[in-house]
Amino acid sequence: MQTISNRPPQQKHIRTALVIVFGVLLLATAGVLLLIFTHLTDTYLGDTPSFIEVAPGGISILNPPRPLDDFTLTAHTGEPLSLSDLRGKTVVMSFGYTYCPDVCPLTLMEYRRINEMLADAAGDVQFVFVSVDGERDTPERLDLYLGARNIDDFALALTGSEGDLRRMGVDYGLYFEKQFDTGSQAFYLVDHTASTYLIDAQGRLTNIIGFGTDIQIVYETILSRIENRG
């Protein structure tokens, strides 16, 4: 016996066509999403993805070390300075600003203590303080800021525009945002990333050090990077 469909042949064809079109659109959407994800991943991780291992004591280890894009900012001396200018040294870098009431002064005080602990090895290390408040932190102000903390003989301070900082900050996961007091534009604080970043002699990010990490652990981590530089 022949089965007779109640649907007109034209309706069948329309339904089939709609299913095919929907399938094509679904595949195209998935392809676009995959391309976007791949682009974002490549932009952040670069050609060599790094896995972050959190070691005891607040030190994160990047394995393998992550190559960093070069950047150029203005030093407290008034001269331009690039990350590539520091090749050959272990770089200890943090972000902050001169009006910071707590985190930054404590970080720079630890810079001085660690520099003293390194003794003869201190010449292999470059401490760097990068301002996230280029609007107020001029080279002149940064120079006075380092001098007031007695670290101007071994540390560098850098400043630049907000655009410069946001571009270079991608490699470090840098966050900073102005916080105005009761809506006043006259004075503001800046919330910012408080971590310290350890960069090896080849310009690769090797460690992220959490704020408040025991200074002995920080010292030992820096010293191990000096001794194992290639």
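**Notebook: cysteines, a surface patch, overall counts**

I began with Cys-104, which is buried at a relative accessible area of 2%. The model I am reading is a predicted one.

I then looked up Cys-100. This residue is buried too, with a relative accessible area of 7%. Next I checked the sulfurs: that of Cys-100 lies 3.2 Å from the sulfur of Cys-104, its closest cysteine sulfur, and this is too far for a bond. The cut-off I applied for a disulfide is a pair of cysteine sulfur atoms within 2.5 Å. I therefore entered zero disulfides for the count by this rule. Seen from the other side, Cys-104 takes part in no disulfide, and its nearest cysteine sulfur is that of Cys-100.

I moved on to the surface. I noted a nonpolar patch of about 250 Å², made by Tyr-99, Phe-187 and Leu-189. I looked up where Phe-187 sits and found it in the loop between β8 (176–180) and β9 (188–192). Phe-187 has a relative accessible area of 39%, so I put it down as partly exposed.

Last, I took the totals. I counted five helices and eleven strands in the protein. The chain has 230 residues, and 39% of them count as buried. I recorded an exposed area of about 13400 Å² for the protein, with carbon and sulfur atoms supplying 57% of it. For contacts with a separation of 6 or more, I noted that 67% are between residues 24 or more positions apart.

Note on methods:
Residues are numbered from 1 along each chain as its sequence is written. This is a predicted model: local features need pLDDT of at least 70, side-chain atom pairs count only at pLDDT 80 or more; totals for chains, interfaces and linings use all residues. Side-chain values use heavy atoms; hydrogens and water are left out. Patches are made of residues with over 30% relative accessible area and no salt bridge: like charges are joined within 9 Å, nonpolar side chains (Val, Leu, Ile, Met, Phe, Trp, Tyr) within 5 Å. Accessible areas come from the Shrake-Rupley method with a 1.4 Å probe; for residues, only the protein chains shown count as cover. A salt bridge is a side-chain nitrogen of Lys or Arg within 4 Å of a carboxyl oxygen of Asp or Glu. Helices (H or I, at least four residues) and strands (E, at least two) are DSSP runs, numbered from the N terminus. Buried means under 20% relative accessible area, exposed over 50%, partly exposed in between (1.4 Å probe, protein chains only). Contact means heavy atoms within 4.5 Å.
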